Every structure is written in structure tokens, then in C-alpha cells.
Amino acid sequence: MIDVHSHILPGIDDGARTVEETYQMLKEAYNAGFETIISTSHYMENVYMANKKQKETYIQMIQSTLKQKQIELKVYNGTEVYSNDHMLSLIKSGEIATLNHSRYVLFELPMNQNVIYFDQIIYELISMDYVPIIAHPERYQYVQKNPNMVLKWIEQGALLQVNYGSFIGIYGKSVEKTAMKLLKHNMIHFLGSDCHRGESIYSKIDPIKEKLEKEIGKEKFHKLSYLNPLHIVENKKIEIEEPIKIKGFFR
């Protein structure tokens, strides 16, 4: 498996606090069956602002230590950007890292309020040949109320990433139900851990994997947990399935 959303770097954001905690998280990821981790530390203006170069230094150190320990786990640079109206300039200036220096950009939205300039963000990124990936849409309250709103995002060219933990109720029942609806209607393109400090989501991957393989089949799970993420790592185009409109009540 390949994890496209993680917070493993020490002291950068609300992820790992220490180097020791970083390696504990990586050990858990390796034991869970992950072969590649993209580190996506938060970039939130005036809160978390470590730039691409600073994070690259940490990653080189981590990769060197993993090699010494003979742990076959690759770690790449990336960012989870809190949505703003000048994301493109931040990418161009080198302040934020795309996922493994690819065309793919991971960003999150406010949990409780839809962004009025969101269409413009997607348009600008795509017009400059970037591919926007929206982090954990199942956690946004407005998506829980109307999951079909993500159809427009997908039609505009955005891709969606859901958290593994959402499928076992870590963020609550409403998030769990929304995640499953999105998944069953071809509205999700990647799975990610979104691991933070003090969490052991990697230790829960086996039962999550078993649950999802029963719901969507082993082939589809493999696509979302490995094949599509591999296209990010290799900076290749991802062919998506046609999303299906959800019918009926949502909550």
C-alpha cells in the first residue's frame, strides 16, 4: 500500500512530536503493509508554515536512517494545504511541496463552512496543469448533508481522498456513513491514513482493509490503496470511474 496523506515529520505541525514518535509511526506503517509514505505536513498560514526545503531536510534524514535499519519503506515530501486564494503562488515560490514533486496537490477545506472561491481554486490549479486532491471530504459537515455536492468538484477535475479511519467510526457515525456512500458511488480516488500524533491508525488497517474488501472487492481496494497512489508517486495521469449520483436521504 501507499499512504498519500500523513503527518509523520517531527515538530512540524500537529503530527509527530519527536523523532522517536516519527519512527514509531513509520514502524507501524511498515508492519501494516505500507511500502511508501508521502509526508503531507499542514501548511496553514500563520499557524504551520514549514516550507518545502525545510521538510526535505527531515525526509532525507529519515530515509537515511530507514536505510541503515534495513527497513524497506520510502518517504516522500508533500503538503496538506489549508485552502486559500493564492495556493498557486505558494507552489510556484517553493513554499509548499506538491506530492513527491508531482502535478498532484493535496489540500483541505474548512470543516463547517464551504469555501465561496473554491471553484476558482480548482480552475487555477488545473489551468496550470496541477491536479487538485481534496483531503477527507467525508469529514466536512456540508458534504455530510449533501454528498452529491462533490460531483461538481469531480466534474471540474478534482480528485478525492478519504481517511481509512473514517470507515470504522473514528470521526463519528455521520462521517462513517458519508465515507461509505462516497466510496460505493465512485466518488473516492485514494485512501490515506491522515495519521497524527498519539494515534495508531496503522495498527487498525487490517480490519479496515477486510471491511472494505467485502464492500467493494479486493481489486477496487487495491486500486484506491496502491495503484492510484502509485500514479501520484510516478506523476502519471489517473483514469477515474464515472461517479454515480446518490439517491435518497443523506443523514
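Me: How much space lies in the largest cavity of this structure?

Reply: Here is the general idea: rolling a probe the size of a water molecule over the atoms shows where empty space is left. In this predicted model, the largest cavity holds about 60 Å³ of space. By the rule used, the count comes to one cavity of 30 Å³ or more.

Me: Which residues line the largest cavity, and of what classes are they?

Reply: The lining is made by Asn 186, Ile 188, His 189, Lys 220, Lys 223, Leu 224, Asn 228, Glu 239, Ile 240 and Glu 241. Sorted by class, that gives four charged, three polar and three nonpolar residues.

Me: Let's turn to pockets. How much space lies in the largest pocket, and which residues are the closest to its centre?

Reply: The largest pocket has about 200 Å³ of space. It is lined by 13 residues, and Arg 103, Val 131, Gly 157, Leu 159 and Lys 237 are the closest to the centre. Nine of the lining residues are nonpolar, three are charged and one is polar.

Me: And what lines the second largest pocket?

Reply: That pocket, with about 150 Å³ of space, is lined by Glu 35, Thr 36, Gln 63, Leu 66, Lys 67, Ile 71, Glu 72, Leu 73 and Lys 74. Its lining has four charged, three nonpolar and two polar residues. Helix 2, residues 52-68, gives the largest share of this lining, with three residues.

Me: Then let's read helix 2. Which of its residues are buried, and which are exposed?

Reply: Start with the span: helix 2 has 17 residues and reaches 24 Å from first C-alpha to last, close to the 24 Å expected at 1.5 Å a residue. Buried in helix 2 are Lys 55, Ile 59, Ile 62, Thr 65 and Leu 66. These buried residues cover an arc of only 125 degrees around the axis, so they sit on the same side of helix 2. Lys 53, Gln 60, Lys 67 and Gln 68 are exposed on the other side.

Me: What do the buried residues of helix 2 pack against?

Reply: Their partners are helix 1 (19-32), strand 2 (36-43) and strand 3 (74-82).

Me: Helix 1 also contains Glu 21. Why does Glu 21 count as buried?

Reply: Glu 21 counts as buried because its relative accessibility is 16%, and the cut-off for buried is under 20%. Leaving out residues up to four places away in sequence, Glu 21 touches Ala 16, Arg 197 and Gly 198.

Terms used: Residues are numbered from 1 along each chain as its sequence is written. This is a predicted model: local features need pLDDT of at least 70, side-chain atom pairs count only at pLDDT 80 or more; totals for chains, interfaces and linings use all residues. Side-chain values use heavy atoms; hydrogens and water are left out. On a 1 Å grid over the protein atoms alone, a cavity is a set of points where a 1.4 Å probe fits but cannot get out, and a pocket is an open set with protein on both sides within 12 Å along at least five of seven lines; lining residues have an atom within 4 Å of a point. Grid points are joined across faces, edges and corners, and a volume is the space filled by probe spheres set on the points. Ala, Val, Leu, Ile, Met, Phe, Trp, Tyr, Cys and Pro count as nonpolar, Asp, Glu, Lys and Arg as charged, and the others, Gly among them, as polar. Helices (H or I, at least four residues) and strands (E, at least two) are DSSP runs, numbered from the N terminus. The expected span of a helix is 1.5 Å times one less than its number of residues. Buried means under 20% relative accessible area, exposed over 50%, partly exposed in between (1.4 Å probe, protein chains only). The arc is that of the directions from the helix axis to the C-beta atoms. Contact means heavy atoms within 4.5 Å.
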